[in-house]
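Hi,

Here is the structure we talked about handing over. Have a look at it first, and then read on for what turned up.

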Amino acid sequence: MTGLTAHQAKKITLLVLGSIALFLGNFFLVRFFNTLIWPYLWPQPGIYIIVGFIVFALWFPELFSGIWALRATGILMVFVGECYLLHSLQVTIDEFSFITALHFFGTFGTFLVMLLSFLNQLRSKNNKLPRPLPGELPYVAAVIPTYGEPLNILQDTLLSLKQLNYPKEKLFIVISDDGHRKQVEALTKEHGVAYNLGPQKNAKAGNLNSALEFLNREFPQASLVLTQDADEIVSPSFLKKTVGYFTDPKMAFVQTPKEAIAPPGDPFGVRDRVFYDTIQPGRNGAGAAFSCGSGVIWRLSAVESIGGFATWNIVEDLTTSYLLHSVGYRSEYHNEILTVGLAPDDIPGLLKQRGTWATDTWRLFLFKNPVITPGLTLSQRLQYLELGLFYVTSAFFMPALLLVPILSLLTGQFVPIEGSALFPWIGASFFYYLVLAKGRSEFLARMWQYWISHAPTYQKAFWIAIRSRKKKPSYKVTRKTRQDGFYGTMLWPQFLYIFLGVLAVLNSFLRLHYVDVATKVANVSVLLFFMFMVGSICKAAFYGWKPQILKTVWTPAVEAE
């Protein structure tokens, strides 16, 4: 250990000894307490214990919303998952077939990402209270980048910024217009704010960088800049809640959660509450909470030190955060909803938005992978790695699992998994994610539904990204107004899965008479669960749609009344 201080040598020694102890302890548990050797607990009373825990968590969600509940259920999930994964491997070796290999591939990948997710949540940092403000408040610029948003929406955002509870002489508001619209310029004159002509290149990042140049000329005393999307209104207390974090000279940005205006029941899964309420605080504990593009305030000098907002990727938020973290700047996540904005409420807008996010992350994962990017801490590398692996799981590992029950029920070839391995794994996974969703079953359902049903979206994003090393894909602003219609053709893989699922269930009852009831019921149950998950986005395709025959027959009757 030449060259190391005594303190560093002690830390490394403790780390090595701790790793050895953890490995031996884990080996002992898996060897002697594997779920497969719980015959006296399975199926009774084991199944009642699992169901009882889940019902208790649903009934008393407040008891399962803390960090220790997450740690305890996570440890259980990891142990039971190991048992299931090893059993799946043994089954694949003993009775190798395409279906058993497919099942192991999906299980292996999904479990590894779940394990990484759990590790990344161990040191959650959930800032709810603002930091004390400095004695001398800094000068702040607020920038609204816009490109074609309806004027009434843009005006609402502007009015919310004008109502910020902050000294007027220290606040400078500018609309940076990439659309070069006369109406927008007139709006700025009407409200007494600055107007900047955007460069009409490099999308939002280019627009923001143009705004920074404008600020250096017109308001050079600004040290912080609030970037606010044109379709989001901000709380009057936003600056008073976030500026205090910048007493740390290495603080690059502070992100806040967003609340999306969604139709009743959030049919398009756009509120993302698990991400904002749980995942981001977990990232924050590792110093890796990243910007979401709006409701975020930046240190101007930090952004300028990396050459401005990142233009390498399609959108600027994630990559700019990544570059700032890699050069040693810090960030904070203030977990208080201070912005409310629009979100896609039709299928074209949803697929466009999620596809853009996925392509951005894929490009970062493929070409600037956190494992090899210098400057990041180990914890930050794991957080950014998980972000990329989320899309790997949704695009490749999860579809493998989705295919297994369909293929089994169509061919009669089943994966011979023991119930004492399968059902504890299902129960432990559900329990862990329920705690991750803080006991809110509706948030959990939406997270799972769109994690699973966006697989084709993320696969398409992968193929776009992998061909874009030398030139980033083009970008289009997400539409801010809904277009009624049925968009089932855009979701044909999901509808095909539902159709094949129905065929598989019918085939199992009409033709597979030789299969024992327990095997058949288990596979049908798993398939129905997957169909329910995929069916969410299929159902959303019908949202607000009226068949043409109703429009031509029913509507005139109403007008006649």
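**What I found**

Let me start at helix H17, which is where Trp492 sits. Please keep in mind throughout that this is a predicted model. Trp492 has a relative accessibility of 55%, so it counts as exposed, the cut-off for that being over 50%. It also belongs to a nonpolar surface patch of about 560 Å², together with Leu410, Leu496, Phe499, Leu500 and Leu503. Helix H17 (residues 492–510) gives the largest share of that patch, 5 residues.

Helix H5 (residues 151–162) is worth a look too. With 12 residues at 1.5 Å a residue, H5 should span 16 Å, and its end C-alpha atoms are indeed 16 Å apart. Which residues of H5 are buried? They are Ile153, Leu154, Thr157, Leu158, Ser160 and Leu161. Viewed down the axis of H5, these fall within an arc of 160°, so they line one face of the helix. That fits a general rule: an α-helix has 3.6 residues a turn, so residues three or four places apart point the same way. The cover over the buried residues of H5 includes strands S1 (140–146), S2 (171–177), S4 (224–227), S5 (232–234) and S10 (339–342), as well as helix H6 (182–191).

Now the charged pairs. The whole structure holds 13 salt bridges, and these caught my eye:

- Glu332 pairs with Arg131, with 3.5 Å between the closest N and O atoms. Glu332 is in strand S9 (residues 330–333) and Arg131 in the loop between helix H4 (98–120) and S1, 201 residues apart. Glu332 is buried at 6% relative accessibility, while Arg131 is partly exposed at 32%.
- Lys258 pairs with Glu232, the closest N and O atoms being 3.1 Å apart. Lys258 belongs to strand S7 (residues 258–261) and Glu232 to strand S5, 26 residues apart. Both ends are buried: Lys258 at 17% relative accessibility and Glu232 at 3%.
- Glu336 and Lys241 meet at 2.6 Å, N to O. Glu336 lies in the loop between S9 and S10 and Lys241 in helix H8 (residues 238–242), so this pair ties together parts 95 residues apart in sequence. Glu336 is partly exposed, at 22% relative accessibility.
- Glu259, Arg271, Arg273 and Asp277 are linked in a salt-bridge network.

One last residue: Thr457, in helix H16 (residues 455–466). Thr457 is buried, with a relative accessible area of 11%. Beyond its neighbours within four places in sequence, Thr457 is in contact with Leu351, Arg354 and Gly355.

Best wishes

Technical notes
Residues numbered from 1 in each chain as written. Predicted model: local features only at pLDDT ≥ 70, side-chain atom pairs only at ≥ 80, totals over all residues. Heavy atoms only, no water. Helix = DSSP H or I, 4+ residues; strand = E, 2+ residues; numbered from the N terminus. Expected span 1.5 Å × (residues − 1). Buried < 20%, exposed > 50% of the residue type's maximum accessible area, 1.4 Å probe, protein only. Arc of directions from axis to C-beta. Contact = heavy atoms within 4.5 Å. Patch = residues over 30% accessible without salt bridge, like charges linked within 9 Å, V, L, I, M, F, W, Y side chains within 5 Å. Areas by Shrake-Rupley, 256 points an atom, 1.4 Å probe, with all protein chains shown as cover. Salt bridge = Lys/Arg side-chain N within 4 Å of Asp/Glu carboxyl O.
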